[in-house]
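Reader: I'm new to this one and would like a close look at a single part. Could you walk me through the cysteines, and then a pair of packed helices?

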Amino acid sequence: MAFTFAAFCYMLALLLTAALIFFAIWHIIAFDELKTDYKNPIDQCNTLNPLVLPEYLIHFFFCVMFFCAAEWLTLFLNLPLLAYHVWRYMSRPVMSCPGLYDPTTIMNADILAYCQKEGWCKLAFYLLSFFYYLYGCDKKKNLSVAMEILHCTLVDSSKNDRRVRHPQTTKT
Amino acid sequence: MSTAGVNSQNGTGTGQTYANGPTQAPASLHQVPGIGSGMTHQPAYNPLQAKAPTPPGLYPYQPVPSFNSSPSAQPLLSSPLVGRPPSHTPPLSASPGPRLPHGHATPPPLAAAAAVSSSSYYPSSQHSMAPTWQFNTVPQLPGSVAPANVPFRGTVGNHVNPPASLPAATSSAPFSSTPPPLNNPQPPGPGIPPTSMHGYTQPGLAPSPGNFMSPHTYPHGRPGFGPPPTGPPPAMKPTPPPPGAPVTSATPPPPKADGALTGNGPHAPNNFNHVDNKMAGQTQPGPPNRHVGHYPSLPPGYQNTSHAGPPMHPPQPYTQPTQPYQQSLSGPGPAQLSPSLAAMSLQSSTPEALRVVNLLQERNLLPPTAVSAPTPCLPQDLQKINCNPEVFRSTLTSIPQSQSLLNKAKMPLGLLLHPFKDLSQLPVVTSSTIVRCRSCRTYINPFVSFLDQRRWKCNLCYRVNDVPEEFMYNPVSRSYGEPHKRPEVQNATIEFIAPSEYMLRPPQPAVYLFVLDVSHNAVETGYLTVFCQSLLENINALPGDSRTKVGFITFDSTIHFYNLQEGLSQPQMLIVSDIEEIFLPTPDSLLVNLNECKELVQDLLKSLPNLFLKTMETQSALGSALQAAFKLLSPTGGRMSVFQTQLPNLGMGALQSREDPNQRASAKDIQHLSPATDFYKKLALDCSGQQVAVDLFLLSAQYCDLASLGCISRYSAGSVYHYPSYHQQHNPAQVERFQKDLKRYLTRKIGFEAVMRIRCTKGLSIHTFHGNFFVRSTDLLSLPNVNPDAGFAVQMSIEENLDDMQVVSFQAALLYTSSKGERRIRVHTLCLPVVSSLSDIFAGADVQAITGLLACMAVDRSVTASLSDARDAMTNAVIDSLSSYRHSVLTIQQPGLLAPACLRLFPLYILALLKQRAFRTGTSTRLDDRVFAMYQLKYQPLAYSVLLIHPALYRVDDLTDEGALNISERTIPQPRLLQLSVEKLSREGAFLMDAGTVMYLWIGRNCHSNFLTQVLGVPSCSSVPENLYLLPELDTAESQRTRAFVGWLRDQRPFFPSLHIIKDESQLKPHFMQNMIEDRTESALSYYEFLLHLQQQISK
């Protein structure tokens, strides 16, 4: 018995999305702190900037996994965010270090509002995709189990003497 | 100490609690002559007169608000609207005769009031201190103000004083954290290299002969910065002074009789003195009896909007909102205005600002002299104490009630600030407790309301606060129990000496570090000589105290430090060639105390120009030099002045040339407006964190990538100066400008380790800041240095509806360390009415401020998006606002391009912006010039940037003394402002164009020989030399007049505009002609075409 590769992808994506949700929450809190004067924008940018690329890479990583697993629907659902990430990073300000946020422009009300909105949207997206992966994961697992049952029954029909073992696995 | 003073006086004061009514009047009479057009004294600044004369019955003129009577009668003194007719609107429209020239329409009592109040200005200006516009003269009522038990704050001010006049700030001695360099036992010899691997050599400097003891103790202050020297009475209100001299005998009681804090030296108790009256006597006596018909009559064919009012003068305090235009007869009548407006106006007349102007028909829109700021429609008592529009100005003087209303009006809402402006007089308060709101930390200001004697209600967050015991005592009247008469509550601009809670560390000393480019290119330009000469001349005028420190770094491909430690016989040069990993060879002796090591510094300055004469080093390691300078300054903070003449091409921060000369004139999008690297920005942020500001002087003929280099100043709150094609021999005009700028730069006031916070009434919020600074939080700007020539702009948004408010307030508080090591807070508070109708919003629009703010926004737009985007946005701004006016305010549609009178110049200014160097396309513009123009638009205070946008044109060959100003014995002729169109030029005349940083004097081919001989000293036009940039000093009346006029224009701004005298065939003629904004060029529309374009868009 084994998972299919797709099921593995879903489980991995599930875990990684949980991490991304934390990233998004962190992002929202950070910008909220900026807006309410608690933090110096330089410090805040220094803490936020290193997190940008990991987030994007994680997302990119499981997109690639879904691609390999030929999960086209899931990949299709993720493509807009992937494209957005690429666009966002391409249009970042001139910076010598990785990251997106420039302390000199971050306090502009438009940019601040944009970043906050971005955080909320991403949080929503990750939450939805979390449940989607959970479901997908479940489905894949069931699917694999179902396939196994199918396989077993096929085998059973040929080898009747091993009938006893398999019903147990179906119960799992 | 000051507390003691207060308490002791509290004791005496309690007896005469409410008794200051009678005593005030004499005090104020004393004060009027001394203070000139003080900010707090705006007798005639009266919205009632501003918009239209008021029927005497409705608003009796009350120069002295009723506080003089028993205070118990008026407990709610600052809730202005209580018991008033519906808010601010009546003043707008209360004109008895809708279409009469104001002067005649004024009912007698008011006219008398106007005359009387303006007359109070006359004596003041005549009594003004002799060098009226001298920047640093500190007249300061010496004996009278100096109190007995409080140190005389007057001289401890932040001005540039000759050291002789400054007692060493003994109090600050404990603060000096760094040990005096002379104690450093380091031997002067070469035995101190920290790391031998970074070899640095120490060629000694040749000691220059002669002991330069700096005999040029500069007369501190070059004449004339700050507000233009005119605060003539006409400026105050549209109500023109009646022809004939004002009634000088009838000096009225000043509006706030107890605003006496500034003038009544002898009466002033010790708690506060006014310090900054160095420009005392701002107000120049305007020509009292200037005739209306003075100006040459307009050419036929224009709909003459005759100028009934007396001439205005360039930006001046308390100028009236709109020119007293006689209403055009062809204009649509009030009947066409919306019902709401009609309902608003009691007498069904239109406020002047809303008079409908058909721009396509009325050509002659420029006022006779400079446009002035509109007056907010506030009750008279509030308006009188409101902040000076030169310091604090809003694009909409009536704040819309909600964001949706603002969106409907399609005009930007924002503030334009000039917070550290040199002020003629500034009340300074020393008090152990600074009264602030406990929840929002707003400083107490004139617009708070006192619920009773013991409680006041914050006007920003509406929290009720207690009045501290100390505040109950009024030091001006020396009475107790009148907190509402304290100077804090009487002045919208005030300065506090901050107690130690406002310091994070001991106040830093004044520290100046000069970073000089000495590569071959730099030596070629010859700027080093000028710089050293200027610094030598002004070394005693550098603002500072006994702790002032200076240091020098020069650089080419290596970095040279100068050991100026006391005890050395001559300065030592230390060369660090490891530019990748910069270090300081002798950290302690590179920044030295100026007083102790003045001779060494002078030696160095004298030998520096010769030291690098033969250098062949062409590379420039600016990035490393900046890092070294940052390391040197970071322990203390201070000011770094960087002089750069070429593209930095070595080490960190090296840049590539990005400009393609073939693309200069491209009509397509301009590239490379954003920085190429973030090295300079990051360094600037580091500097900002260590309270170091970087000022950049760029003297270069080639491309220097100002877009990248400028970041170093932009985010560290420095300033940028640009001298394109600077050369000692080839460009004498630039050399002169550089000299004058340097002198101003070295001697002007400076504030260190500053922050500025802008607070506004709940419901409003700050959207974006413009200027040079680092934004540290939503309302806080970090300004390592603040200088008097820095302007800021703030975009605002309305987050919550302001339904239940009648006024909103804005407060800018600038906390800084003066060059004398005092921590000070300068607070400006502006109060504006809230309105609910679109027509009111339009009536309060300030076209210059709107243009200034739009320019700032367009600069941002062109950097983040593209230049064409920014140009479109500006055009759309004018289209949107005019179409909103047409569709929402006007009810009867009629053909033409209609604009309210207050916005009549809006299309012209926008067109001027589109043709400005920063935004123009199709005309060859060097990238650096363009970027510098953008910097200027963002950084210059509005008063100066308006000239950069729309230059002023005058005819100067027929100057007369008629209507001239009289400023300190000089007669300043006042020619009429002309439209920027070639049709205004004539071959027979000579025309002066004042474009802010540069002036052109254009001599027509057939110019009157009288003018040529009498002013230029040449027999004929053909013999006017090329490259003439000085007016010869001839002893003729014409020459004197012309020079006086040019000098007066120059004195109005802190930078020095160079003058170019050009003829038809001059090389500079294209520059002159480019400023002819109303004319068509190959690549840009003429004004009329632009109007047609607007009309087409609006009627779509």
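Author: Let's start with a word we'll need: a residue is buried when its relative accessible area is under 20%. Keep in mind that this is a predicted model. Cys387(B) has a relative accessible area of 3%, so Cys387(B) is buried. Cys532(B) is buried too, because its relative accessibility is 1%.

What about bonds between cysteines? A disulfide is a covalent bond that joins the sulfur atoms of two cysteines. Here, counting over all chains, there are zero disulfides. Take Cys387(B): the closest cysteine sulfur belongs to Cys831(B) and sits 11 Å away, so that's too far for a bond. The cut-off is 2.5 Å between the two sulfurs. Cys532(B) isn't in a disulfide either, with the nearest cysteine sulfur, in Cys597(B), 17 Å off.

Now for the helices, both in chain B. H23(B) covers residues 847-864 and H25(B) covers residues 906-914; they pack at an angle of about 30°, and their axes are 10 Å apart. That angle makes the two helices, H23(B) and H25(B), roughly parallel, because anything under 35 degrees counts that way. As for handedness, H23(B) and H25(B) cross in a right-handed way.

So who touches whom? On the H23(B) side you'll find Val847(B), Gln848(B), Ile850(B), Thr851(B), Leu854(B) and Ala855(B). They meet Phe906(B), Tyr909(B), Ile910(B) and Leu913(B) from H25(B). Sorted by character, the residues of this contact between H23(B) and H25(B) are eight nonpolar and two polar, with no charged ones.

Technical notes. Residues are numbered from 1 along each chain as its sequence is written. Chains are lettered from A and ligands numbered from 1 in the order in which they are written. This is a predicted model: local features need pLDDT of at least 70, side-chain atom pairs count only at pLDDT 80 or more; totals for chains, interfaces and linings use all residues. Side-chain values use heavy atoms; hydrogens and water are left out. Axes are lines fitted to C-alpha atoms, for helices over the stretch in contact, and angles run from 0 to 180 degrees between N-to-C directions. Helices (H or I, at least four residues) and strands (E, at least two) are DSSP runs, numbered from the N terminus. Angles under 35 degrees count as roughly parallel, over 145 as roughly antiparallel, 65 to 115 as roughly perpendicular and the rest as oblique. A crossing is left-handed if the near helix is turned anticlockwise from the far one by less than a right angle, and right-handed if clockwise. Contact means heavy atoms within 4.5 Å. Ala, Val, Leu, Ile, Met, Phe, Trp, Tyr, Cys and Pro count as nonpolar, Asp, Glu, Lys and Arg as charged, and the others, Gly among them, as polar. Buried means under 20% relative accessible area, exposed over 50%, partly exposed in between (1.4 Å probe, protein chains only).
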